[in-house]
Amino acid sequence: QVQLVESGGGLVQPGGSLRLSCAASGSIFSIYTMGWYRQAPGKQRELVATITNGGNTNYADSVKGQFTISRDNAKNTVYLQMNILKPEDTAVYYCNADIVSTLLTPVRNYWGQGTQVTVSS
C-alpha cells in the first residue's frame, strides 16, 4: 500500500508565501514523476507543476516564475514553494506521483488527500 500525505497548506495574505510538502510512504520501489495539481471551487482540477526523478520540471503558465517544484528522492518527498500568492491561487492542492511498488508490479498513479491553500486578507 502506498500513501501520499500533503502538509503545509493554510491561510496566507496576498503577497505571502507557503511551502507545501508531500511525502510518499509504504511499499515503494521507485518513484517516477511527482507533481502538484489544484482545484478551486467550481473549477476542474488543473496541473500546477511536475518534476521527474531526474529533476526535469514542467509548470503551468499561470505559475511560472511564482512557484518552484523540487524533490528529495532520498525522502520520497516533493515540495512546492509558492511565492507572491494571489487570491486566485486559492484551491485545494493535491500531490500526485507515479510509483512502482515492487520489481514485479507496473507503475501506478497515486493521489494525496489534498491540502487547502487560502489566500485572503
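Reader: Which residue in S9 does Arg38 stand opposite?

Author: In this predicted model, Arg38 stands opposite Tyr93 of strand S9.

Reader: What makes S4 and S9 a strand pair?

Author: Pairing requires at least two bridges between the strands. Eight bridges join S4 to S9, therefore the two strands qualify as a pair. Their direction is antiparallel.

Reader: How do you know that S4 also pairs with S5?

Author: The criterion of at least two bridges applies again. S4 and S5 share five bridges in the antiparallel sense, so they are a pair as well. Within this pairing, Trp36 stands opposite Ala49 in S5. The hairpin of S4 and S5 has six residues between the strands, and Gly42 takes a positive phi near 75 degrees there.

Reader: Which strands are the edge strands of the open sheet, and what makes them so?

Author: The open sheet consists of four strands in the order S1-S3-S8-S7, paired antiparallel. S1 and S7 each pair on one side only, and these two are the edge strands. From one strand to the next, the twist averages 15 degrees. S7 and S8 are joined by six bridges, and Phe67 stands opposite Met82 in S8.

Reader: Why is the link between Cys22 and Cys95 called a disulfide?

Author: The cut-off is a pair of cysteine sulfur atoms within 2.5 Å. The sulfur atoms of Cys22 and Cys95 are 2.1 Å apart, so the pair satisfies the rule. By this rule the count comes to one disulfide. Cys22 belongs to strand S3 and Cys95 to strand S9, 73 residues apart, and the pair thus links distant parts of the chain. Both Cys22 and Cys95 are buried.

Reader: Why is this disulfide described as left-handed?

Author: The torsion about the S-S bond of Cys22 and Cys95 is about -80 degrees, so the disulfide is left-handed.

Reader: Is Ser101 buried or exposed, and how do you know?

Author: Buried means under 20% relative accessible area. Ser101 has a relative accessible area of 17%, so it is buried. Ser101 is found in the loop between S9 and strand S10 (108–111). Leaving aside neighbours within four places in sequence, Ser101 is in contact with Val2, Ser27, Ile28, Phe29 and Tyr110.

Reader: What makes the approach of Ser27 to Ser101 a polar contact?

Author: The distance limit for a polar contact is 3.5 Å. A polar atom of the Ser101 side chain lies 3.0 Å from the backbone oxygen of Ser27, so the distance meets that limit.

Reader: Which residues touch the most other members of the largest nonpolar core?

Author: They are Trp36, Leu80, Met82 and Tyr93, out of 30 residues in this core. Strands that each supply at least two residues include S1 (2–7), S3 (18–26), S4 (30–39) and S8 (77–82). S9 gives the most, with five residues. Nonpolar side chains tend to be buried together in soluble globular proteins.

Reader: Which residues does Leu80 touch beyond four places in sequence?

Author: Among them are Leu18, Leu20, Trp36, Val48, Phe67, Ile69 and Tyr93.

Reader: What does Val92 touch, and how far in space is Val92 from Gly54?

Author: Val92, found in strand S9, touches Tyr37, Arg38, Gln39, Gly114, Thr115 and Gln116, not counting residues up to four places away in sequence. Val92 and Gly54 are 27 Å apart, C-alpha to C-alpha, and 38 residues apart in sequence.

Note on methods: Residues are numbered from 1 along each chain as its sequence is written. This is a predicted model: local features need pLDDT of at least 70, side-chain atom pairs count only at pLDDT 80 or more; totals for chains, interfaces and linings use all residues. Side-chain values use heavy atoms; hydrogens and water are left out. A nonpolar core is a set of buried Ala, Val, Leu, Ile, Met, Phe, Trp, Tyr and Cys residues joined through side-chain atoms within 4.5 Å. Buried means under 20% relative accessible area, exposed over 50%, partly exposed in between (1.4 Å probe, protein chains only). Contact means heavy atoms within 4.5 Å. Axes are lines fitted to C-alpha atoms, for helices over the stretch in contact, and angles run from 0 to 180 degrees between N-to-C directions. A polar contact is a pair of N or O atoms within 3.5 Å; within protein, one must be able to donate a hydrogen and the other to accept it, and residues adjacent in sequence count only if both atoms are side-chain atoms.
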